[in-house]
Structures are given as structure tokens and as C-alpha cells.
Amino acid sequence: MLADYKKLNKKDPFLNLLNKSMRIAFLINQTHKEEANFTTTKMALHALGRGHIIMYIGLADFIYVDDTQIDAHVREIQPHEQFKNNEEFLDRLKKIDKQRVSMLDVDVLWLRFDPVMDMHNRPWAPAMGLQFAQLLKKLGRFVVNDPDELIQASNKLYLENFPRQIRPKTVVTRNYNDILDFQNKQNDKIILKPLKGSGGKNVFMISPNELHNLKQTVDVIARDGYVIGQEYLTEATKGDMRFFLLDGEPIVIDGKYAAVQRVQQKGEIRSNIHQGAKAEVANVTEATLNLVKKVSDKLKKDGMYLVGLDIVGDKIMEINVFSPGALNAASQLNKVDYIEHLIQHLEQKTKSFYQNK
């Protein structure tokens with residue numbers, strides 16, 4: 001544990017940090033909802049393979065002891081355990097009994113939950129997860145992505161904090177007439193979706209000749225909160241690009257950027273892979289990189305350590321800051337190991353964090 005290294009060497013307490021096991025905790029929704037193909041699973045396996053202790057914490061597993069102590073019920077896997085594949089690892093994880101640990105003994109808390117998954121059945125869970133993460137940050141633990149800023153980035157309105165030229169024309173409302181007015185101003189197709197949503201659920205494309213369905217569509221989406229309307233970009237017929245940033249910088253290995261082109265099925269407007277879209281090698285151009293540069297500084301300043309940008313043409317449609325997926329697909333398509341790079345970067349980032357405290 002990092003606290004122990006300070007006692008070992010006051011001049012350079014982290015001299016041997018990377019030769020020791022870190023305790024990396026992944027905060028997820030619920031263990032039984034984890035899947036073998038999740039990016040988090042692959043991240044945990046890579047960290048385990050590099051000698052780190054892995055913990056999984058559900059949103060309901062924290063314990064507030066007092067203002068100096070936060071505990072949690074965790075599932076822990078030691079680095080001496082070896083697994084043939086993701087499925088074997090996840091099967092073992094789900095069979096482990098939880099144990100109570102002090103979160104002050106955890107070196108990294110990585111927030112990898114999807115708030116939308118608990119929006120209906122456990123609406124309290126994501127907010128409490130963030131609140132406990134904030135407390136741990138105040139107690140000096142390294143938390144990624146930054147929980148204070150994640151509160152501001154908890155829905156698609158976060159994109160509006162970035163330069164106007166990089167984002168599509170947008171309206172956010174729960175009122176049908178506002179959406180109708182936006183549609184008329186575009187005089188073209190628009191995309192409607194929940195302001196707080198993920199996975200392509202309740203995403204609709206509305207054409208000017210389909211206004212008879214507009215009110216019903218707005219009503220359906222508004223049941224879950226605010227509605228976001230965006231201009232339709234013709235480049236969307238080619239799908240979108242999921243482009244990854246790590247600590248404000250593109251992830252690139254051997255000249256290959258961590259990105260995938262997600263091409264939707266015929267007759268489908270959604271580019272989500274689990275909605276049937278196909279992942280293809282992305283064509284990352286200078287224009288793509290210039291677009292990314294316009295958001296990278298703020299993302300790093302906001303403590304958004306790992307981010308997935310959804311890009312269509314010359315616009316960023318969404319900024320995914322909670323648990324962006326498809327990094328596995330990028331590794332497979334480009335035949336490089338981005339996740340191994342990610343864990344190595346985390347080791348150095350953690351070392352730097354505690355050295356500078």
C-alpha cells in the first residue's frame with residue numbers, strides 16, 4: 001500500500017512502487033451485471049497480470065464510518081491467481097465472498113459504472129457512488145475519473161461546455177413545442193434521445209415529413225427526464241468514430257490510434273455495437289486530431305482520465321466519461337494492446353499523484 005512506502009524511504013518513498021502490488025478498486029454497478037467482454041474486465045485482468053491486487057466494489061457496498069474513514073465490502077483477487085480467459089476470471093469473481101476493507105488502503109479507485117443502468121430500479125445508487133468517491137478524494141485517495149467533475153459531466157449537457165464549432169446544434173427541453181420549433185429551424189432530420197442515456201436506448205430520427213409522430217416520441221423520451229435534440233449530420237450514414245483519450249492525449253501505439261469506426265446495420269440509426277453495429281478500423285485523419293485537440297485540454301483539466309469521444313464528421317456528438325467501451329475492439333482491429341498501455345500509464349500516474357501530495 002502506498003502509505004507504507006512513505007515509511008520505507010523518506011527521500012523517495014515511491015522508489016520501489018512499481019515493483020510492489022497496487023490495490024486497484026473498480027467501482028461498478030453490480031458484480032452480477034458485469035460481462036466478460038466489458039472493457040473493465042480486460043483492464044482488471046491486465047492489472048492482475050502485472051502483479052496488482054484487484055477489487056470490485058458495487059455502488060451499494062460502501063460504509064461511512066466517520067469523516068476520516070470510509071470502508072467497503074469488496075470482492076478481491078490476488079495476483080497469484082491466474083485465469084485462461086475473461087470468462088474464467090469473471091466466473092471466479094462472482095463466486096468470491098465479499099470482505100470489508102478500509103478504502104484508505106486502496107491506491108486507486110476507478111469509477112467504471114454506468115449511471116443509466118440504475119436509473120429506474122436504484123436511482124439513488126449512482127449519486128451515492130459519486131458522493132463516496134468525493135469523500136475518498138478528500139481523504140487523499142487517487143480517484144479516476146475525477147468525481148467532482150463527473151457530477152458536472154453526468155449527462156450529455158456536459159458537451160455544451162466545449163467550443164461551439166465542435167458540437168452539433170442542440171436543444172434540451174421536455175416541451176414538445178420547443179422540439180417542434182427546433183425541428184422547423186433545422187428544416188431537416190433531427191436526432192432525439194434522452195439527455196441522460198446510454199447504449200442507444202430511445203434514440204429516434206425525425207424527418208420533417210414525420211411530424212405526426214413527434215409529440216408521441218417526445219413524450220416517450222421525456223418519461224425518463226429531459227430530451228436532447230441534435231441536428232442530423234449526413235456523415236452519420238457512415239456510422240460514428242469512438243476515439244479514446246488518456247489523460248487528455250490520444251492513445252497511440254505504433255502509429256495506430258485507439259479508435260474504432262462503428263457502422264450501424266442497414267435501416268438502423270444507432271451506432272452502438274451491442275445494438276448490432278459493426279466495429280471497423282477507423283480512419284483517423286489530421287482533421288480528426290485537430291478536432292480532438294479542441295477538447296483535450298479541458299478534459300485533462302477536468303480530471304477526465306479515460307474518455308471516449310463519439311465523432312461524426314467534424315462534430316463531437318457525445319463525450320463518454322463514465323465507462324467508455326470498445327477499447328477491446330480497437331485493440332483487436334489494430335492488433336496492438338491499448339489496455340496494457342493503459343495499465344502501465346495508470347501505474348506512472350498513480351506514482352506521480354502520491355509523490356506530489
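**Figure 1. Leu 342 in helix H10 of the predicted model.** Leu 342 belongs to helix H10, residues 338-355; helices (H or I, at least four residues) and strands (E, at least two) are DSSP runs numbered from the N terminus. The structure is a predicted model, in which local features need pLDDT of at least 70 and side-chain atom pairs count only at pLDDT 80 or more, while totals for chains, interfaces and linings use all residues. Residues are numbered from 1 along each chain as its sequence is written, and side-chain values use heavy atoms, with hydrogens and water left out. With a relative accessible area of 0%, Leu 342 is buried (buried: under 20% relative accessible area; exposed: over 50%; partly exposed: in between; 1.4 Å probe, protein chains only). Apart from neighbours within four places in sequence, Leu 342 is in contact with Met 43, Trp 110, Leu 246, Tyr 305, Leu 306 and Leu 327, where contact means heavy atoms within 4.5 Å. Met 43 is 299 residues away from Leu 342 along the chain, yet their C-alpha atoms are separated by 8.1 Å.

**Figure 2. Helix H9 and its surroundings.** Helix H9 comprises residues 327-334, and 6 of its 8 residues are buried, so the helix is largely enclosed by the rest of the structure. These buried residues are Leu 327, Asn 328, Ala 329, Ala 330, Ser 331 and Asn 334. They pack against helices H2 (39-49) and H10, and against strands S12, S15 (256-257), S16 (259-263) and S17 (278-281). Leu 327 of this buried set is also one of the contacts of Leu 342. Lys 335, just after H9, takes a positive phi of about 60 degrees.

**Figure 3. The aromatic pair of Phe 26 and Trp 110.** A search of the whole structure finds 11 aromatic pairs. Phe 26 and Trp 110 form a stacked pair, with 6.2 Å from centre to centre and 25 degrees between the planes. Rings of Phe, Tyr and Trp (its six-membered ring) pair if their centres lie within 6.5 Å; planes under 30 degrees apart count as stacked, over 60 as edge-to-face and the rest as tilted. Phe 26 lies in strand S1 (residues 23-28) and Trp 110 in strand S6 (residues 108-111), so the pair ties together parts that are 84 residues apart in sequence. Phe 26 is buried at a relative accessible area of 0%, and Trp 110 is buried at 1%. Ring pairs link both residues with Tyr 56, Phe 83, Phe 89 and Tyr 305 into a cluster. Trp 110 and Tyr 305 are also among the contacts of Leu 342.

**Figure 4. Backbone geometry in three loops.** Most residues other than glycine have a negative phi, and most peptide bonds are trans. A cis peptide bond joins Val 144 and Asn 145, with omega about -15 degrees. Asn 145 is located in the loop between strand S7 (142-144) and helix H5 (147-152). In the loop between helix H6 (176-186) and strand S9 (190-194) lies Asn 187, whose phi is positive, near 50 degrees. Asn 187 counts as exposed at 63% relative accessibility. Asp 247 likewise has a positive phi, near 55 degrees, and is found in the loop between strands S12 (240-246) and S13 (249-250). Asp 247 counts as buried at 12% relative accessibility.

**Figure 5. Leu 214 in helix H7.** Leu 214 is found in helix H7, residues 214-222. With a relative accessible area of 0%, Leu 214 is buried. Its contacts, leaving aside neighbours within four places in sequence, are Tyr 176, Ile 179, Leu 180, Leu 192 and Ile 206. The C-alpha atoms of Leu 214 and Val 321 are separated by 30 Å, the two residues being 107 apart along the chain.

**Figure 6. The chain as the setting of the close-up views.** The chain has 10 helices and 19 strands. Its radius of gyration is 21 Å, close to the 21 Å that the globule rule gives for 357 residues, so the chain is as compact as a globular protein of that length; the radius is taken over C-alpha atoms, and the rule is 2.2 Å times the number of residues to the power 0.38. The C-alpha trace spans about 70 × 45 × 40 Å along its principal axes. Buried residues make up 52% of the 357 residues. Among contacts between residues at least 6 apart in sequence, 68% join residues at least 24 apart.
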